[in-house]
Amino acid sequence: MKKIFVTGIGTEIGKTVVSAILVEALRADYWKPIQAGDLENSDTIKVKNLISNSETVFYPESYRLNRPASPHAAAAIDNVTIELKKILLPETQKNIIIEGAGGLMVPLNDNDMMIDLIKHLNAEVVLVSKHYLGSINHTILSIEALKQRGMRITGIVFNGKSNPGTEDIILKYTGIKLLGKLDEEESITRETIKIYSEKFKII
């Protein structure tokens, strides 16, 4: 059983689409521990609508917060405190894809950040990087933070129009495995996810 935590170098990076691809590729279960905002069209619902297989089990969020904001801020507005000890990995014998919220250093409370949740769950990491000015810095900083904590990085996914210069320097400098590239797509459908699930290099 693999516990794969999908995180990104920031927000709106493509974590949900990549999570759907990995779920489809591995016929894995899916879990988003913290959903902040958009509760009527949550990431769980989005992934459910993007996959084709009938084997995946979707687990309820540990925290459902009303405001689309940093988890610590959204929790404060809802008058709750996010506690790592209350975020328990679902019981399953299958591979499970766990989707984070925001980037690694997004605060969950006064003491813990998203990277601490990953450590708490003892999960390996898939990092999603999106091409924009500054993304090399953000990507390498994210990888360094994971390495400093001794966390296992399964690989990286690049999202956006191909930029070989950016991709090559990140891969050479970090030594991280490339799992796949997600192109700019006009729309993301079940068929799109299925096509990508057959391309990604999943172990």
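Student: Is Ala73 buried, exposed or partly exposed, and how do I read that?

Tutor: Happy to help, and keep in mind that this is a predicted model. Ala73 has a relative accessible area of 26%. Buried means under 20% and exposed means over 50%, so Ala73 counts as partly exposed.

Student: Where along the chain should I look for Ala73?

Tutor: Look at helix α3, which covers residues 71–77 and contains Ala73. You can also compare positions in the chain with positions in space: Ala73 and Gly37 are 36 residues apart along the chain, and their C-alpha atoms are separated by 11 Å.

Student: Now for empty space. How do I think about pockets?

Tutor: Rolling a probe the size of a water molecule over the atoms shows where empty space is left. Here, the largest pocket has a volume of about 670 Å³. Its lining is made of 31 residues, and those nearest the centre are Thr11, Glu12, Lys15, Thr16 and Asp43.

Student: Which element gives the most to that lining?

Tutor: That is β6, with 4 residues. At least two residues each come from α1 (15–26), β3 (34–36), α2 (43–50) and β6 (96–103). Sorted by class, the lining has 11 charged, 11 nonpolar and 9 polar residues.

Student: What angle do α5 and α6 make where they pack?

Tutor: Helix α5 (residues 135–148) packs against helix α6 (residues 164–174) at about 20°, and their axes lie 10 Å apart. Angles under 35 degrees count as roughly parallel, so α5 and α6 are roughly parallel to each other.

Student: And what is the handedness of the crossing?

Tutor: The crossing in which α5 passes α6 is right-handed.

Conventions:
Residues numbered from 1 in each chain as written. Predicted model: local features only at pLDDT ≥ 70, side-chain atom pairs only at ≥ 80, totals over all residues. Heavy atoms only, no water. 1 Å grid on protein atoms, 1.4 Å probe; cavity = no way out; pocket = protein on both sides within 12 Å on 5 of 7 lines; lining within 4 Å. Points joined across faces, edges and corners; volume = space filled by probe spheres on them. Nonpolar A, V, L, I, M, F, W, Y, C, P; charged D, E, K, R; others polar. Buried < 20%, exposed > 50% of the residue type's maximum accessible area, 1.4 Å probe, protein only. Axes fitted to C-alpha atoms, helices over the stretch in contact; angles between N-to-C directions. Parallel < 35°, antiparallel > 145°, perpendicular 65-115°, else oblique. Left-handed = near helix turned anticlockwise from the far one by under 90°.
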